[in-house]
Structure formats: structure tokens, C-alpha cells
Amino acid sequence: MSHSPSDPDVHHDPSIALHLEDLTVSYGERPALWDIDLDVPAGVMAGIIGPNGAGKSTLIKAILGLVPVSAGHIRLFGEPYGQQRRRVGYVPQRSSVDWEFPTTAVDVVTMGLYGQLSWWRWPGRGERDQALRALEQVSMESLADRQISELSGGQQQRVFIARALVQNPDILLLDEPMAGVDATTERQIIDLLRRLRDDGRTVIVVHHDLQTVQRYFDWLAFLNVRIIAAGALEHVYTANNLRRAYGGQVALLDEAQNRPNAPSDA
Ligand code: ADP
């Protein structure tokens, strides 16, 4: 599609997986995100990092239209979320899910297809097969008919990742997927996310463990209500940016500060 120079969409390049412009989100009077500009290129494994209360979850929810935006706009591959819904997979924070809800793993995954189903059509054999294939991707097919309440934390998380994968999304948004899972599951999740990235998907992960940032991601956004820095890991993972994002939370930084390659901003 061609654009005239005055067209405001001229910058909305579809090779940019996620474009945020002048984005402000407030709960009541208090802004949780303030004037955010961010471009995440397609095909990266991006970490969103910043201290508690920095607005990381709010950012993901704003992208998905789950919280109202006070100002600015959001584009996914150049289009508003409403037009790209099927290209987006979302894994919410574990703590926001009712794990006692009486349902099976395969039914949870099938729910990920509801965007494609019509209200008059119950999911059938085809949808179940699609859900089973998604469970296979996370090595959970043998537990497809288990109640989710009977699964371990790591298994539950893998079911929710399958639910995000079932419609074969181009962009995946995960809110702290490694929180509350054992080390083996963490490795499985990170290997899976890497495979998806290598396959050309864009993976965006809210992440809180600074010790693994350098190993897991190739692209980073440091957030603390505002964007502190964003870009390729080797350019932005610096002691200075860590300090600017985390401020006084020095205890968290002791280990991480020894790791960045560059002593100050690149
Ligand atoms: P993070 O994910 O980085 O820990 P959040 O996005 O959860 O940060 O929260 C950002 C800020 O917004 C925090 O100060 C938090 O208390 C506040 N907040 C989050 N959700 C709500 C809500 N539903 N109502 C009011 N304030 C909220």
C-alpha cells in the first residue's frame, strides 16, 4: 500500500512487529506508562525488564487492549490490534489464572481458538486436533485430558503457552513465563521460545530475573514508567542503563552489574 507523505501511517512499517507511539496509560490519576515510544523489530527475542511497578504488565495489557490507553497509539505489524488479533498469542501471569477451574489441558488450549470460532459453532474434532498439536509443541500431549488443577506449576505454564501457540501466532507476548516454574521447565520454555524466534516469530517476554537476561534475549527494553533504553542486547545491556532503570534497588544489581560488557552506555 502506498502512502502520501502527510499520511500519519507512513511510519507504520510492517517489518516492525510492535510500534508504540506517545503511549500513556494511567490508573486513575497516576500514570503507569508515560509517553512511551518503542519499536520492536520482527524476529527478535525481546525482554521487557524493569523493577516491580515499572508498568511491564500494563504495557502488555495495553497492547492487547485489556487496559484503556490515555494517549498515543499501538500498531502490530503496522495495524491496530483489532485487525491483528489472530497473529498475537498471549500468556498471562500465572497468578492471574484460576488454576482450580474445572477444565482439562486440551480444553484450555482449545480456548485459544475461540477467536477463530463463531458463537454458533462449538469446537469439534478439527479444533481438538489443533489443540493436541499445540500441546505436542510443549511436550504435554500425554496429559491432554488431565484437569489443570492436577498439573504441576511448570506443566500448567506449558499448557498456557500451548494455548497461545494454537493459532500459530506471529508475535507472542508472555508475562513472566518463568515465574514459579522449576529449572527444567524454565529451560524447556526458553528452548521453545528460541525455536519460535528462529522460525521468524517475534517473542516479547516480561522478565524479572536479571541474572538470565543476557543469556535469554537478543533485544531489550528497559522500562520504568518511561522507556529508559531499548535496542539490541549488546548496545543497551549496560551497567548505566541497569542503574537508571532500577534506581535504588542495588541488591538486585550486585550480580547483574558484573556481567554487562560495557561499563557505561554504548
Ligand atoms: P510491573 O508489571 O512492572 O510490576 P504493573 O504494570 O503491574 O508493573 O503496575 C504498574 C503500576 O500500576 C504499579 O504502580 C501498580 O500498582 C499500578 N497498577 C497496576 N494495575 C493496576 C490496577 N488495576 N489499578 C490500579 N493500579 C494498578
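The paragraphs below lead through a predicted model, beginning with the ligand and its surroundings and then turning to contacts elsewhere in the chain.

The ligand sits in the second largest pocket of the structure, where the residues that surround it are Y27, R30, A32, P51, N52, G53, A54, G55, K56, S57 and T58. Sorted by character, this shell divides into four nonpolar, five polar and two charged residues. In terms of secondary structure, strand β2 (30-41) and helix α1 (56-63) each supply at least two residues of the shell, and α1 gives the most, with three residues.

Within this shell, particular atoms of the protein can be paired with oxygen atoms of the ligand. A polar side-chain atom of K56 lies 2.8 Å from an oxygen atom of the ligand, while for A54 the partner is a polar backbone atom, at 3.1 Å from a ligand oxygen. R30 also takes part through its side chain, in which an N or O atom is 3.2 Å from an oxygen atom of the ligand. On its own, the ligand has 560 Å² of accessible area, and the protein covers 59% of that area.

Leaving the ligand, the reader may turn to the aromatic rings, among which the structure holds two pairs. One of these pairs is formed by W99 and F160, whose rings are 4.9 Å apart from centre to centre with 65° between their planes, an edge-to-face arrangement. This pair links distant parts of the chain, since W99 belongs to the loop between β5 (88-91) and α3 (105-111), whereas F160 is in helix α5 (residues 153-165), 61 residues apart.

A further link across the sequence involves D199, which is found in the loop between α6 (183-198) and β7 (202-206). Although D199 and G43 are 156 residues apart in sequence, their C-alpha atoms are 8.1 Å apart in space. The side chain of D199 also makes a polar contact, at 2.9 Å, with the side chain of R201.

Technical notes
Residues are numbered from 1 along each chain as its sequence is written. This is a predicted model: local features need pLDDT of at least 70, side-chain atom pairs count only at pLDDT 80 or more; totals for chains, interfaces and linings use all residues. Side-chain values use heavy atoms; hydrogens and water are left out. A residue is near a molecule or strand if one of its heavy atoms lies within 4 Å of it. A polar contact is a pair of N or O atoms within 3.5 Å; within protein, one must be able to donate a hydrogen and the other to accept it, and residues adjacent in sequence count only if both atoms are side-chain atoms. Accessible areas come from the Shrake-Rupley method with a 1.4 Å probe; for residues, only the protein chains shown count as cover. On a 1 Å grid over the protein atoms alone, a cavity is a set of points where a 1.4 Å probe fits but cannot get out, and a pocket is an open set with protein on both sides within 12 Å along at least five of seven lines; lining residues have an atom within 4 Å of a point. A molecule sits in a cavity or pocket if more than half of its atoms lie within 2 Å of its grid points. Helices (H or I, at least four residues) and strands (E, at least two) are DSSP runs, numbered from the N terminus. Ala, Val, Leu, Ile, Met, Phe, Trp, Tyr, Cys and Pro count as nonpolar, Asp, Glu, Lys and Arg as charged, and the others, Gly among them, as polar. Rings of Phe, Tyr and Trp (its six-membered ring) pair if their centres lie within 6.5 Å; planes under 30 degrees apart count as stacked, over 60 as edge-to-face and the rest as tilted.
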